[in-house]
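The exercises below each set a task on one residue and then work through the solution step by step. Please have the sequence and the coordinates open while you read.

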Amino acid sequence: MESPKHSSLIPSFLYSSSSSPRSLLLDQYSNSNAAFASEKSPSSPPPPTTTTPTTTMVSRKNFMIASPTEPGKGIEMYSPAFYAACTFGGILSCGLTHMTVTPLDLVKCNMQIDPAKYKSISSGFGILLKEQGVKGFFRGWVPTLLGYSAQGACKFGFYEFFKKYYSDLAGPEYTAKYKTLIYLAGSASAEVIADIALCPFEAVKVRVQTQPGFARGMADGFPKFVKSEGYGGLYKGLGPLWGRQIPYTMMKFASFETIVEMIYKYAIPNPKHECSKGLQLGVSFAGGYVAGVFCAIVSHPADNLVSFLNNAKGATVGDAVKKIGLLGLFTRGLPLRIVMIGTLTGAQWGLYDAFKVFVGLPTTGGVAPAPAIVAAETKTQE
């Protein structure tokens, strides 16, 4: 009986064609086993046992991961379909989570811009509710959704690309030895591109959220911003945004990969491949939440700068430091941001890995880097 077709919500290109050489290899292997079982008579002697692992079929550069909804087929690791899946997972991961925490982000931005009025988290919510009503809590949700969807696509998609690229440059031995450096370099490279996509939306978002009456959202806020600041003004905060997001993303990916590996090594008795998918996704969320706390701390000064520069026309970094103070850059709005970023990062990793599992890919982290595994398997064959 033919397997059911995939849901129309997931593009068909996320699944590799069964006509690919590696898919044919797996199909032939499965068909040969089926034929053998059907032709074997009761008197036939049992087949000789072998200790050769199935992983010897893995090629030097790629893996085949079976799709959970389409037996015999799957997404080939590091293929165009693999990067497309990671990109789409990044859109869901970052866009939806950032949009969900818009109320927290709104209070945080106003605490950074006007601490005299918004003195605490609770008073901030009370002031917004009194002045703008419940609808005011989601002001700026459209630029938030669009901007962080674009950022997530580039962040996760390019991270997987650069991680593979730098691993190939380093070679299997050095990749295994210096894997944390691979994570740091790959995430930093990806974030440079991701912030170029995010910056215009972030500029409009901050202006809409911190200046009541400026605009209702993206549709009227974008042309107003361009008319006031010019197109160049959309990228006025790119430098501070890089200063905030690059350290944040380096910490987000490197610490996540390390924390997840430690969880599987010290806290869970079974190897990762023997754990249920639910447990693996729970590990992804837990590792993401802890990583998010570190992310919030290292990136908070730059976050204050981004909010200040995008709120005040013609403002400079010097103006921000003079008004906020050096200590204020590190502490103003930090408790709320720790809660927000911790929850956000945990949810992002949970959603990202859930989507990867849905399309037949393994969850992120917890094992040695792929090139090192392939090299080890190839060496055992020789």
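**Exercise 1.** In this predicted model, find which backbone oxygen lies 2.8 Å from a polar atom of the side chain of K272, and then establish whether K272 has a salt bridge or none.

*Solution.* The backbone oxygen in question belongs to T363, and it lies 2.8 Å from a polar atom of the K272 side chain. Next, place the lysine: K272 lies in the loop that runs between α8 (238-267) and α9 (277-311). Although K272 is buried, the nearest side chain of opposite charge, that of D353, is 6.6 Å away. Because a salt bridge requires a side-chain nitrogen of Lys or Arg within 4 Å of a carboxyl oxygen of Asp or Glu, K272 is left without one.

**Exercise 2.** Determine where N310 is placed, whether N310 is buried or exposed, and which residues N310 is in contact with when neighbours within four places in sequence are left aside.

*Solution.* Begin with the secondary structure, where N310 is found in helix α9. The relative accessible area of N310 is 3%, and since buried means under 20%, N310 is buried. Once the neighbours within four places in sequence are set aside, the contacts of N310 are E202, A203, V206, R207 and G237. Finally, the C-alpha atoms of N310 and G233 are separated by 8.8 Å, while the two residues are 77 residues apart along the chain.

**Exercise 3.** Locate Y78 and describe its phi and its burial.

*Solution.* Y78 sits in the loop between β2 (70-76) and α2 (80-100). Its phi is positive, at about 65°, although Y78 is not a glycine. With a relative accessible area of 18%, Y78 is buried.

Definitions and conventions: Residues numbered from 1 in each chain as written. Predicted model: local features only at pLDDT ≥ 70, side-chain atom pairs only at ≥ 80, totals over all residues. Heavy atoms only, no water. Helix = DSSP H or I, 4+ residues; strand = E, 2+ residues; numbered from the N terminus. Buried < 20%, exposed > 50% of the residue type's maximum accessible area, 1.4 Å probe, protein only. Lys, Arg positive; Asp, Glu negative; His and termini not counted. Polar contact = N/O pair within 3.5 Å; in protein donor to acceptor, adjacent residues only side chain to side chain. Contact = heavy atoms within 4.5 Å.
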